[in-house]
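Please work through the following exercises with the sequence and the predicted model at hand. Each task is followed by a solution in steps.

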Amino acid sequence: MVRNDDFLRAVILVLLVTVFGLLTNGTTYSALGLSNILLQSSIIGIAAIGQAFVVLTGAIDVSLYGIGVFASVLAASTMTSRFDLNIVGGDPWPVAAGVAIILLVGMAMGAANGLLVSRLRVPALIATLGTWQIGFGLAQVVGGGYTITNLPPALGIVGQGKIAGIPFPVIEMFLLFAIAHFVLRHTSFGRSVYAIGGNASSAYLSGIKVRRVQFLVFVISGLMVGLAALSIESRMMSVSIRTLSGLQLDSIAAVAVGGVSIYGGRGTILGVLLGTLILAVIDSGLGAMGASTDVQNTVKGVIIILAVSMEFFRSRGQLDQATP
């Protein structure tokens, strides 16, 4: 079922495509323009899925960039034929090994976040901020600050392949959103995620294993970062320390614009998909109009503040109505 808020976001998305299309002589709403928007949004969209699971429990994950860049640099350094960057020495490892490294590192660092938050009671912001720094530092140590290239051609299938003209990353994004929707709406785990975000104490008293769910949402977030890192590395066939820079900000923006409450317990994965596409259209439209990256980031920051502020006032209004 499509909620009214999500319907409104869909309308806003169509209006933005139309307006930017008129302002850019059809660049935004042309077939090629829409295809590029979907492709560009796929990385953020995949990462935003994991972020949404975390935010729905009332936490936040700011470690996405650190996790993603370390996982991708480590994997690339095992697959490159450059002897000075190949940390395993000898022949490069096969693509399957590199793919496994990216996903396992993502899940492992997500699990570390989950343990810090669920078991050691470290605030999620602090825990994931630390993981972000660790990942970034390790990526610099492993990659030496260089751009790693000479990756095996077979790796390009993941990020550059197409089915019926649709890029793999776009198909992957929509498939993952569909899975996430099913999990959140039709499984006990999904209901537990919402319950914890609504009131963790009540969720615990009702028999939900709060710590286990809190741990698992960070593992999911780490896995999604790994998939996003794999997709961008495969598409670019290279990786550097700046790859995935700003991913956490973009994912949080997509979640906030998508209507997921920053306080947890409320929001839909469809809304996150629409939020991702809205931001992608704005980025693409501003880029087509010649706006610099700084301007785009400024606009994005304003959108985040507006989205969170609207959620704050909505929550306060509901609290006022509930208070005698």
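**Exercise 1.** Determine which residues line the second largest cavity, and which helices supply them.

*Solution.* Step 1: the lining of the second largest cavity consists of L279, I282, D283, L286, Q296, V299, K300 and I303. Step 2: helices α12 (269–288) and α13 (293–322) each contribute at least two residues to this lining. Step 3: the volume of the second largest cavity is about 40 Å³. In this predicted model, the structure contains 2 cavities of 30 Å³ or more.

**Exercise 2.** Describe the largest pocket by its volume, its lining and the helices that contribute to that lining.

*Solution.* Step 1: the space in the largest pocket amounts to about 800 Å³. Step 2: the pocket is lined by 30 residues, of which Q40, I44, D250, D283 and K300 are the closest to its centre. Step 3: at least two lining residues come from each of α2, α10 (210–236), α11 (247–257), α12 and α13. Step 4: α2 provides the largest share, 7 residues. Step 5: compare with Exercise 1. D283 and K300, listed here among the residues closest to the pocket centre, also appear in the lining of the second largest cavity.

**Exercise 3.** Identify the residues with the most contacts inside the largest nonpolar core, and state which helix gives the core its largest share.

*Solution.* Step 1: the core comprises 91 residues, and F53, V193, V217 and V272 have the most contacts inside it. Step 2: helix α2 (residues 31–56) supplies the largest share of this core, 12 residues. Step 3: take V272 as an example. Beyond four places in sequence, V272 touches A48, A52, F177, A254, V255, G258 and V260.

**Exercise 4.** Is R9 buried or exposed, and what does R9 contact?

*Solution.* Step 1: R9 belongs to helix α1 (residues 4–23). Step 2: the relative accessible area of R9 is 13%; the limit for a buried residue is under 20%, so R9 is buried. Step 3: the R9 side chain forms a polar contact with the D6 side chain at 3.1 Å. Step 4: apart from neighbours within four places in sequence, R9 contacts V257, G258, G259, G271, L274 and I278. Step 5: G258 is also one of the residues touched by V272.

**Exercise 5.** What span should helix α3 (residues 64–79) have, and how far apart are its end C-alpha atoms?

*Solution.* Step 1: α3 has 16 residues, and at 1.5 Å a residue the helix should span 22 Å. Step 2: the end C-alpha atoms of α3 are 23 Å apart, which agrees with the expected span. Step 3: for burial, 16 of the 16 residues of α3 are buried, so the helix is mostly covered.

Methods. Residues are numbered from 1 along each chain as its sequence is written. This is a predicted model: local features need pLDDT of at least 70, side-chain atom pairs count only at pLDDT 80 or more; totals for chains, interfaces and linings use all residues. Side-chain values use heavy atoms; hydrogens and water are left out. A nonpolar core is a set of buried Ala, Val, Leu, Ile, Met, Phe, Trp, Tyr and Cys residues joined through side-chain atoms within 4.5 Å. Buried means under 20% relative accessible area, exposed over 50%, partly exposed in between (1.4 Å probe, protein chains only). Helices (H or I, at least four residues) and strands (E, at least two) are DSSP runs, numbered from the N terminus. Contact means heavy atoms within 4.5 Å. A polar contact is a pair of N or O atoms within 3.5 Å; within protein, one must be able to donate a hydrogen and the other to accept it, and residues adjacent in sequence count only if both atoms are side-chain atoms. The expected span of a helix is 1.5 Å times one less than its number of residues. On a 1 Å grid over the protein atoms alone, a cavity is a set of points where a 1.4 Å probe fits but cannot get out, and a pocket is an open set with protein on both sides within 12 Å along at least five of seven lines; lining residues have an atom within 4 Å of a point. Grid points are joined across faces, edges and corners, and a volume is the space filled by probe spheres set on the points.
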